[in-house]
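New to this one? Here's a quick, friendly briefing to read alongside the sequence and the 3D view.

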Amino acid sequence: MNSGIKFGIVGSGFIADVVANAIKQTDASLVAVASRRPESAKAFADKHGGIRFFKSWRDMVAWDGIDAVYVATPTSVRREISIVAAQNKKHVLAEKPFTSLASLQRITHACQASGV
């Protein structure tokens, strides 16, 4: 296992797979995945070296085994996940369009307030 940042990914679709493969090329490590579909999370975990999988993103972001979260979800749920991850002292990597500037500002504020 690498000695860098330990990532968890919320989502198990195409982009999550691309990011998982990219993480493996760095000093960071992929250690967990959460998906709204447990069978999808398990398949993703198996594909990426038997990482830990969670049925709930809330459980994953509360877990002490990760340092950072990549949010690979639809735009409509990205803000909530990002804010809760920041409140759990996890660094947040989220991209794609955000619902609004106000939404992005709320995420940024949560990260700043938590020092992540």
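What follows is a short tour by topic, from the pocket to a few single residues.

Keep in mind that this is a predicted model. The largest pocket comes in at about 350 Å³, and the largest nonpolar core has 16 residues. Three salt bridges turn up in a search of the whole structure.

**The largest pocket**

- If you want to find the pocket on screen, start with G11, R36, A72, T73 and P74, which are the closest to its centre among the 21 residues that line it.
- Two helices, α1 (14-23) and α4 (75-87), are the elements that give two or more residues to that lining.
- Sorted by class, the lining has ten nonpolar residues, seven polar ones and four charged ones.

**The largest nonpolar core**

- This core's 16 residues include F7, I9, I23, L30 and F44, the ones with the most contacts inside it.
- Strands and helices both chip in: β1 (6-10), α1, β2 (29-34), α2 and β4 (68-71) each give two or more residues to the core.
- Helix α1 makes the largest contribution, with four residues.
- So helix α1 shows up twice in this tour, because it gives two or more residues to the lining of the largest pocket and also to the largest nonpolar core.

**Salt bridges**

- As background, side chains of opposite charge can pair when their charged atoms come close.
- Start with D17 and K47, whose side chains meet in a salt bridge at 3.1 Å, N to O.
- That pair links distant parts of the chain, since D17 sits in helix α1 and K47 in helix α2 (residues 38-47), 30 residues apart.
- The two partners have quite separate surroundings: D17 is buried, at a relative accessible area of 17%, whereas K47 is exposed, at 56%.
- Next up is the bridge between K42 and D46, where the closest N and O atoms are 2.8 Å apart.
- Here both residues belong to helix α2 and are four residues apart, about one turn of the helix.
- K42 is partly exposed, with a relative accessible area of 37%, and D46 counts as partly exposed too, at 46%.
- The remaining bridge brings together the side chains of E80 and R58, at 2.4 Å, N to O.
- E80 is in helix α4 and R58 in helix α3 (residues 57-62), so this pair ties together parts that are 22 residues apart in sequence.
- Both ends are partly exposed, with E80 at 41% relative accessibility and R58 at 42%.

**Loop residues to look up**

- S12 is in the loop between β1 and α1, and at 16% relative accessibility this serine counts as buried.
- From S12, look across to R37: the two are 25 residues apart along the chain, and their C-alpha atoms are separated by 8.8 Å.
- S100 is in the loop between β5 (91-94) and α5 (101-114), and is partly exposed, with a relative accessible area of 32%.
- A polar atom of the S100 side chain lies 3.0 Å from the backbone nitrogen of S103.
- S100 and T75 are also 25 residues apart along the chain, with 9.9 Å between their C-alpha atoms.
- K89 belongs to the loop between α4 and β5.
- Most residues other than glycine have a negative phi.
- K89 isn't a glycine, yet has a positive phi of about 65 degrees.

**Out on helix α5**

- A113 lies in helix α5, and counts as exposed at 57% relative accessibility.
- How far apart are the C-alpha atoms of A113 and P74? They are separated by 25 Å, with their positions 39 residues apart along the chain.
- P74 is a handy link back to the start of the tour, as one of the residues closest to the centre of the largest pocket.

Technical notes:
Residues are numbered from 1 along each chain as its sequence is written. This is a predicted model: local features need pLDDT of at least 70, side-chain atom pairs count only at pLDDT 80 or more; totals for chains, interfaces and linings use all residues. Side-chain values use heavy atoms; hydrogens and water are left out. On a 1 Å grid over the protein atoms alone, a cavity is a set of points where a 1.4 Å probe fits but cannot get out, and a pocket is an open set with protein on both sides within 12 Å along at least five of seven lines; lining residues have an atom within 4 Å of a point. Grid points are joined across faces, edges and corners, and a volume is the space filled by probe spheres set on the points. Ala, Val, Leu, Ile, Met, Phe, Trp, Tyr, Cys and Pro count as nonpolar, Asp, Glu, Lys and Arg as charged, and the others, Gly among them, as polar. A salt bridge is a side-chain nitrogen of Lys or Arg within 4 Å of a carboxyl oxygen of Asp or Glu. Buried means under 20% relative accessible area, exposed over 50%, partly exposed in between (1.4 Å probe, protein chains only). A polar contact is a pair of N or O atoms within 3.5 Å; within protein, one must be able to donate a hydrogen and the other to accept it, and residues adjacent in sequence count only if both atoms are side-chain atoms. A nonpolar core is a set of buried Ala, Val, Leu, Ile, Met, Phe, Trp, Tyr and Cys residues joined through side-chain atoms within 4.5 Å.
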